[in-house]
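Biologist: Could you take me through one part of this model up close? I'd like to hear about chain B and the charged pairs in it.

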Amino acid sequence: MRFGIRRKLLLAVGVLLFLFVFLGIFAQLGIRSVHDRFTELVEIKEPRNAASHEMEIGIDDQREIDSKLNEQIRVKIRSNLVSAEQAAHRTADRTERRILALILGGVIVGAFSVYFITRSVVRPIDQLVSATDRVNRGDPVQRVDIRSGDEFEILASHFNQMVAERERLDKMKSDFMFMVTHELNSPIAVAAGAVDLLKGTIDAPNEKQAKYLGMIHRSAARLQHLTADLVDLMKLEGGRFSLRPQLTDIHEPVRSACQSLAPTAEERGIRLQYPSVDAAPGIVLNIDSDRMEQVITNLVRNAIRFAASKVEVRVVDEERECLIWVEDDGPGVDENDLPKLFDKFYRGKQMPDQNKSGSGLGLSIVKGIVESHGGTVQATDRGGRPGANFVVRLPKHG
Amino acid sequence: MAKKRILIIDDEQDLIDVLKGRLEEAGYEADGETTPVKGQWSTTRNRPDLIVLDINMPGWLSGLDFIVSLAHIPTLTGLPILIYTSQQSPDVRDRALAAGAIDLFIKGAEDRALMDKIKLLLSEKES
C-alpha cells in the first residue's frame, strides 16, 4: 500500500495542524515584535540615572544641567515613542497582513484537504454503498472500479469477486434446476400415462388394486403439476418469461377461468359468483390473456378449496387501476402467514381433509405473472368476517 | 369414416407406448418410430394425419431437420406436426415454430394440453 487511507487522513490532518501551529507562531512573532519595541522605551530611563550620578557639579549648574538633560531626554523619549509607535503600527500591520494571508492560505489548504478526503474516502464509500444496494435489490451489478492504490482498491476488488461468485452460483442454481426438470419430464410423462392406461385395463379392480392404482395416479398427477409449476417458475426466475400482451377485456380471462372451475365448485358444494356477461362494461388492458387466466384460475381454485360456502370474484374499475377481488368465506389466512404467502414453496395451514396437492409454487407464479404486468397482488383478511381476500391490481395505461 | 392416424417419433420406446395407448383410448390409430429416419420412411409409405415429434434425439437427422425435410415432399404438405419434448427453453419453442411445427408441448408438464391440441387439430380436419 503506497498510501493507505489511514496515512492519507493523517497527512491531511497533519497538514492542517501544522498550518495552525505555523499561523500561531507567526502571529506570536508579530506580537512579540510589538512588545519588544515598547520594552525599548523602558530601557531609556536607565542611562539618565547613570549620567547624573557620575558628574560632580554645583547645585545651580546641576539644576541647569538637569533641566537641559531632562529636556534632551524628553525629546529623545518623544522621538523614541514616535518611532516606537510607528514601528509598532508597521509591525501590527505586517502581522495583520500575515495573519490574513495565513488564514487565506489555511482556507485554501483546508479546502484542498476536504476535497482530497472526499475524493479518496467519501467517493469510494459512495460507490461501494450504491453497488451493494444494487446487489441487494437484485438489480444487475456492474463491477466497482476504484484505483486509488489503497485499502479501498482492495475492498472494491473483493466486492467484485463476491459479485462474480454470486452470479456464478446463481447460474449454477438455475442450470441445475433446468437440468433436473429436464430429466424429470420424460419419466413423469411415461409414468402418468402408463398408470392411466393401466387403470383402463382393469375393469373391476379389487380393493387393494383400486387403492394402489389410486395412489400411483394421484402421485403421478402431483408430479405433473410440480413439473409444470417448476417450468413456469424457471421461466419467471430466468427473466425469460415472455408475456404476449394484447389489448383484452379483463373480463374474458376472468370469466374463462371461473367457468372452467364451475364444475369443481359445484362438486364441493361451493357457490361461485363471478361477473356475468352483461353485468359490467369491458375494461380493456394490455395483458397476456392466457397468463392472466392462469392467475385467476390459481386464486379461484385455492378459494374453492378453502371456502365454507361461497367464493366471490369481482372486477372493479378504478381511475388508475383495475382491481380483481377473489373472496372466500373459509378459515382465512393466518396473520403470521400473510407476508410469506407468495414466497416460493411456502405452504401455510392446509385443510385436514385435503390431499396435499399443490407444490406451494402456485402463488409465487401468480405473483410473478402479475408483477410482470406491472401490477401487484395482495392477500388480506376480511376485517372481522371469516375468510380471505386476494386482490390483484393491474395498472391502466392512459 | 376411417380413424385418424397419428405417427409418434421419439427415441424412448416407453414414451411411444404410453402415448400410443392414450391415443388409441381416445379413438385414434397410432404408430411409433424411434428415429426420424424411420419416421420419414413411415410417413412417405403411409401418410399419417398428424405427427408428434421429439426433437433431441440422437442420430444424424435432428427432429427439426425432419420437419424441414417433410416440407420438400409435396404429398405431405399441410401435415400438422406437434413437438413433444423435455426441453424447456423458450428459444427452442421459437425455433420449432420457425421450422414449421404447429406447437410445442413439454413432457410431463403439458400432457393434457397436447391431447387437447391433437383433438382440436384432428376434428378441424374433418370439416
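Modeller: Here is a walk through chain B, with a short look at chain A at the end for context. Keep in mind that this is a predicted model. Chain B averages a pLDDT of 85, and 94% of its residues score at least 70. For the complex, the predictor gives an ipTM of 0.82 and a pTM of 0.54.

Start with the layout. Chain B has 5 helices and 5 strands, and from the N terminus on they run β-α-β-α-β-α-β-α-β-α. Of the 127 residues in the chain, 50% are buried. If you take the contacts between residues at least 6 apart in sequence, 64% join residues at least 24 apart. On the outside, chain B exposes about 6,000 Å², with carbon and sulfur atoms supplying 50% of that.

Now the charged pairs. Side chains of opposite charge can pair when their charged atoms come close. Take Asp31(B) and Arg5(B): they form a salt bridge, with the closest N and O atoms 2.9 Å apart. This pair links distant parts of the chain, since Asp31(B) sits in strand 2 (residues 29-33) and Arg5(B) in strand 1 (residues 5-9), 26 residues apart. Arg5(B) counts as buried because its relative accessible area is 8%, under the 20% cut-off. Asp31(B), at 32%, is partly exposed.

The next pair is Asp103(B) and Arg93(B), whose side chains meet in a salt bridge at 2.6 Å, N to O. Asp103(B) belongs to strand 5 (residues 103-106) and Arg93(B) to helix 4 (residues 90-99), so the bridge ties together parts that are 10 residues apart in sequence. Here Asp103(B) is the buried partner, with a relative accessible area of 12%, while Arg93(B) is partly exposed at 24%.

For context, the structure holds 18 salt bridges over all chains. One of them, in chain A, joins Lys68(A) to Glu64(A), with the closest N and O atoms 3.2 Å apart. Those two are 4 residues apart in helix 2 of chain A, so about one helical turn separates them. Lys68(A) is exposed, at 52% relative accessible area, and Glu64(A) is partly exposed at 43%. Chain A also has a network of salt bridges that links Lys310(A), Glu312(A), Arg314(A) and Glu327(A).

Notes. Residues are numbered from 1 along each chain as its sequence is written. Chains are lettered from A and ligands numbered from 1 in the order in which they are written. This is a predicted model: local features need pLDDT of at least 70, side-chain atom pairs count only at pLDDT 80 or more; totals for chains, interfaces and linings use all residues. Side-chain values use heavy atoms; hydrogens and water are left out. pLDDT is the predictor's confidence in each residue, from 0 to 100. Buried means under 20% relative accessible area, exposed over 50%, partly exposed in between (1.4 Å probe, protein chains only). Contact means heavy atoms within 4.5 Å. Accessible areas come from the Shrake-Rupley method with a 1.4 Å probe; for residues, only the protein chains shown count as cover. A salt bridge is a side-chain nitrogen of Lys or Arg within 4 Å of a carboxyl oxygen of Asp or Glu.
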